[in-house]
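Biologist: I have just opened this one and don't know my way around yet. Could you walk me through it?

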Amino acid sequence: MIIIVIKTPFSQSMTYKQGIECSLNLADAGDDVCVFLSKTFTEDLILSSNQDSVAENVRKQLKQLELYEIRIYSSCGFTSTQKAKLNDLVKDSSKVVVF
């Protein structure tokens, strides 16, 4: 399993897009991939206004992962994610990529 960690809050950097695209490409190639959203990333989403168009785009892009049946984890059990500790996921992974 390959773990894609989206660490940087979207309000500070657009690198989350690369993490999502990488996940989609790996899943399309048939690799077993999951995404872990860091606490800072999920807090950024939680604190963003529902009227925030950037946050809404982020939510839509995360929904794309579900279409590819990519498992999404977070440390705080954010909406549509499974609660998990990154250290536990790393034990079962072959690679970890951080964005």
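Modeller: Let me begin with one helix, keeping in mind that this is a predicted model. D88 and K91 both sit in helix α4, which covers residues 86-91, and they are three residues apart, about one turn of the helix.

Biologist: What do the side chains of D88 and K91 do there?

Modeller: They meet in a salt bridge, with 3.7 Å from N to O. An α-helix has 3.6 residues a turn, so residues three or four places apart point the same way. As for their surroundings, D88 is partly exposed at a relative accessible area of 41%, and K91 is exposed at 66%.

Biologist: How many salt bridges turn up in the whole structure?

Modeller: A search of the whole structure finds two. Besides the pair in α4, the side chains of R71 and D32 meet in a salt bridge at 3.2 Å, again N to O. R71 lies in strand β3 (residues 71-74) and D32 in the loop between α1 (15-28) and β2 (33-37), so this pair ties together parts that are 39 residues apart in sequence.

Biologist: And R71 and D32, are they buried or exposed?

Modeller: Neither word quite fits, since R71 is partly exposed, with a relative accessible area of 27%, and D32 also counts as partly exposed, at 40% relative accessibility.

Biologist: Let's move to the sheet. In what order do the strands come?

Modeller: The sheet is an open one of five strands, in the order β4-β3-β2-β1-β5, with parallel pairing. At the edges stand β4 (82-83) and β5 (95-98), each with a single partner strand, so one side of each is left without a neighbour in the sheet.

Biologist: How many bridges join β1 to β2?

Modeller: Five bridges join them, and the two strands run parallel. To give one point of reference, V5 has F36 in β2 as its bridge partner. The chain gets from β1 to β2 by way of α1, and this β-α-β crossover is right-handed.

Biologist: What about the other side of β2, going towards β3 and β4?

Modeller: There, β2 and β3 run parallel and are joined by four bridges, with R71 in β3 as the bridge partner of C34. That is the R71 whose side chain meets D32 in a salt bridge. Further along, two bridges join β3 to β4, which run parallel as well, and S74 has K83 in β4 as its bridge partner.

Biologist: How much of β2 is buried?

Modeller: The strand is mostly covered, with five of its five residues buried. In a regular strand the side chains alternate between the two faces of the sheet. In β2 both faces are covered, with V33, V35 and L37 buried on one side and C34 and F36 buried on the other.

Biologist: Now helix α2. Which of its residues are buried?

Modeller: In α2, which spans residues 39-47, the buried residues are F41, T42, D44 and L45. Seen down the helix axis, they fall within an arc of 155°, so they line one face of the helix. The face turned away from that buried side carries the exposed residues K39 and L47.

Biologist: What covers the buried residues of α2?

Modeller: The cover includes β1 (2-6), α1, β2, α3 (53-67) and β3. If you want a single residue to look at, T42 is buried at 0% relative accessibility. Leaving aside neighbours within four places in sequence, T42 is in contact with L37, S74, C76 and F78.

Biologist: You mentioned cysteines there. How many disulfides does a search of the whole structure find?

Modeller: It finds zero disulfides. The sulfur of C22 is 12 Å from the closest cysteine sulfur, in C34, which is too far for a bond. C76 is in no disulfide either, as the nearest cysteine sulfur, that of C34, is 16 Å away. C22 is partly exposed, with a relative accessible area of 22%, and C76 is partly exposed too, at 36%.

Biologist: One last thing: what is the phi of E69?

Modeller: Phi of E69 is near 55°, a positive value in a residue other than glycine. Most residues other than glycine have a negative phi. You will find E69 in the loop between α3 and β3, where it counts as exposed, at 71% relative accessibility.

Definitions and conventions
Residues are numbered from 1 along each chain as its sequence is written. This is a predicted model: local features need pLDDT of at least 70, side-chain atom pairs count only at pLDDT 80 or more; totals for chains, interfaces and linings use all residues. Side-chain values use heavy atoms; hydrogens and water are left out. A salt bridge is a side-chain nitrogen of Lys or Arg within 4 Å of a carboxyl oxygen of Asp or Glu. Buried means under 20% relative accessible area, exposed over 50%, partly exposed in between (1.4 Å probe, protein chains only). A disulfide is a pair of cysteine sulfur atoms within 2.5 Å. The arc is that of the directions from the helix axis to the C-beta atoms. Contact means heavy atoms within 4.5 Å. Two strands pair if DSSP finds at least two bridges between them. A crossover is right-handed if, with the strands pointing away from the viewer, the path from the first strand over the helix to the second runs clockwise.
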